[in-house]
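Q: Could you take me through one part of this model closely, the sheet and what surrounds it? I would like a connected walk that I can follow with the structure open.

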Amino acid sequence: MIWTMAYRSIVYVRPLSSTHKLNLQSPILMTQPTQPEITLAESAPRPQRVPGLPFVGNALDMARDPSAFFVDMYRRHGPVFRIKVLGEEYTVLAGPEANLFMSRQSAGHLRSREFWQGMVEEFEATTLMVAEDGERHADMRKIMQPGFSRSVLNGRYQEVIDITDDVLKREWQPGTEVPVVQAMQRLVTKQLGQIIANQSPGDYVDDIRLFIKRILNVRVTHQRPGFMMQLPDYKRAKSRFFELGQSMLDNHESDPERPTILIDDLIRASEERPDLFPESDLVSEVISPYIAGLDTVANTTASFVYAVLKHPDVLQRIQTEADALFAQGAPTMSMLKNDAPALFGAYMETLRLYPIAVAAMRNADSDFVFEGCQVREGEPIYMATAVSHFLPEFYPDPLTFDVDRPVQQYRQPGAFAPFGLGPHTCLGAGMAEILILLSMATLFNRLDLALSPPDYELKLSVAPTPGPEAKFRVRVVGRRTAAN
Ligand code: HEM
């Protein structure tokens, strides 16, 4: 199934049919949170089943635009309903009610293990952090947290800018057309390699991309058939991916003089906590940041480029801000956030309007009642976290890319969840923010770009994660400034 669709034409134009009204006075939405009512009531009804086609169920609507589908269903059926996708039934918890539940009450109600099991198997690992829950997950997360934190990039902004400049010089030649998603994938892969292990992935970049995309499409989101895991291209990419992981470990030199990076922490953990990080899992853990960071950052930056080029006034403001930032050498985090409001506003609006995680997958960890409906232990759940992003109750004129939105709009409880919620909230969010802001500031400072064709309207590809289609290209009109 090709999960491709015209994003704007569907998300932006479809009116929200309005049966379920969000009650902004409801206790669940107040800043001083009260607990949503969770009681085991045998008599509670099952969530309403959304009408759909025989067998196919709601797969076509989901394939066309999962965001728009979930928003529409939320309006019609409220924050809990059931859908069918190719014979499989799923419960959907949606909207701010679901977001608050996920951030406060995941423990004991939601688990991640089943969803990520396919990836654990492909990695030939005992486990991976994303597939763990409860205490084991918390312990693993604590060990990995420093290596993913934004402070890893302290003193290294110039390095990120240099990698970006190098890629721009090689791949973004004036007069050429650049397929943006692929170009961003190559850029972020190089940035991540350097940050995780002080090692560029060199000519392994395409293997990393193929390996990750295939696993996510086939073994995690089940959007592609299983035989694709047997194809020679996958087998080759997998073997090269592990070769890269092994070489990252072999080439690694611990150096007490420099700040520790993720690979240092993982090696130490395999000695101190082999129950969590057995030595046999080390290669998988070392390369796992590529899984978490590659598509997410590449799709977000590609959407960022599209949205900015679609709004010439925003483009001009970002260019002016970027010029001022680079006039003073490598920008600091505070400069990126405070002295470049259009750049930062574009980042926030891209996360809101082009979320790479429309919904997180979980299984119910116990029987529970959510918003009056019974959810049963073991059943698969879509946590439709991005529904709130499109609700006018939170964001006036929600479909407008408005880089001047007050930050208070994003901060309303349950309103904004681009990095997920609860115990598995993105561990790399701070790092991602810096990488994206630095990369975008560098790109718009160095190059004059234009959409190709100029009236291009973005189409999304949904497999494995929503993002611009591979055909999205920009024309490099010329160079604005030389690299510093
Ligand atoms: C725009 C960029 C990014 C977005 C939108 C994003 C989004 C997310 C989301 C939604 C989750 C939660 C998944 C779930 O609940 O099932 C997640 C988890 C995670 N992300 Fe990110 N991510 C981004 C970039 C990164 C980067 C650059 C890294 C690090 C290299 C990273 C590392 C992680 C890790 C390790 C987890 C798993 C946390 C856990 O299981 O405890 N992410 N991310």
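A: In this predicted model, strand E4 (residues 110-111) runs antiparallel to strand E6 (residues 360-364), and 2 bridges join them. If you want a place to put your cursor, Leu 110 stands opposite Ala 364 in E6. On from there, E6 also pairs with strand E9 (residues 380-384), again in the antiparallel sense, over 4 bridges. Here Ala 360 has Met 383 in E9 as its bridge partner.

Met 383 is a handy residue to stay on, since Leu 93 stands opposite Met 383 in E9 as well. E9 is joined to strand E3 (residues 88-94) by 4 bridges, and these two strands run parallel. Strands of a sheet pair through backbone hydrogen bonds, either parallel or antiparallel. Put together, the strands make an open sheet of 5 in the order E2-E3-E9-E6-E4, and the pairing is mixed. At the edges you will find strand E2 (80-85) and E4, each of which pairs on one side only.

Now look at the helices that pack on this sheet. Helix H3 (residues 66-77) touches E2, E3 and E9, and its direction makes about 75 degrees with that of E3. Helix H4 (residues 95-105) packs on the sheet too, touching E3, E4 and E9, with its direction at about 90 degrees to that of E3. So that you can follow the local backbone as well, Phe 55 sits in the loop between helix H1 (7-12) and helix H2 (59-64). Phi of Phe 55 is near 55 degrees, which is a positive value in a residue other than glycine.

There is another open sheet to compare with, this one built from 3 strands in the order E5-E13-E10 with antiparallel pairing. Strand E5 (177-179) and strand E10 (447-452) stand at its edges with a single partner strand each, so one side of each has no neighbour in the sheet. From one strand to the next, the twist averages 35 degrees. E10 pairs with strand E13 (residues 473-479) in the antiparallel sense over 6 bridges, and Leu 449 stands opposite Val 476 in E13. Follow the chain past E10 and you come to the loop between E10 and strand E11 (459-461), which is the place of Pro 453. The peptide bond from Ser 452 to Pro 453 is cis, with omega near -5 degrees.

Helix H8 leads away from this sheet: H8 lies across E5 and E13 and runs at about 70 degrees to E5. The axes of H8 (residues 180-197) and helix H12 (residues 282-310) come within 8 Å and cross at roughly 140 degrees. The two helices are therefore oblique to each other, and H8 passes H12 in a right-handed crossing. On the H8 side the contact includes Val 181, Met 184, Val 188 and Leu 192, which meet a set of H12 residues including Val 286, Tyr 290, Leu 294 and Val 297. By class, the residues of this contact of H8 with H12 are 15 nonpolar, 5 polar and no charged.

H12 also matters for the ligand shell, to which H12 gives the most, with 6 residues. Helix H6 (134-148), H12 and H17 each supply at least two residues of that shell. There are 23 residues around the ligand, and the ones that come nearest are Ala 292, Gly 293, Gly 420, Cys 426 and Gly 428. The shell divides into 16 nonpolar, 6 polar and 1 charged residues.

That brings us to H17 and its own helix partner. Helix H7 (residues 157-171) and helix H17 (residues 429-446) have axes that come within 10 Å and cross at roughly 45 degrees. H7 and H17 are therefore oblique to each other, and their crossing is right-handed. H7 makes the contact through Tyr 157, Val 160, Ile 161, Thr 164, Asp 165 and Leu 168, while H17 uses Leu 435, Leu 438, Ser 439, Thr 442, Leu 443 and Arg 446. This contact of H7 with H17 has 7 nonpolar, 3 polar and 2 charged residues.

How values were computed. Residues numbered from 1 in each chain as written. Predicted model: local features only at pLDDT ≥ 70, side-chain atom pairs only at ≥ 80, totals over all residues. Axes fitted to C-alpha atoms, helices over the stretch in contact; angles between N-to-C directions. Parallel < 35°, antiparallel > 145°, perpendicular 65-115°, else oblique. Left-handed = near helix turned anticlockwise from the far one by under 90°. Contact = placed C-beta atoms within 7 Å. Nonpolar A, V, L, I, M, F, W, Y, C, P; charged D, E, K, R; others polar. Pairing = 2+ DSSP bridges. Near = placed C-beta within 6 Å.
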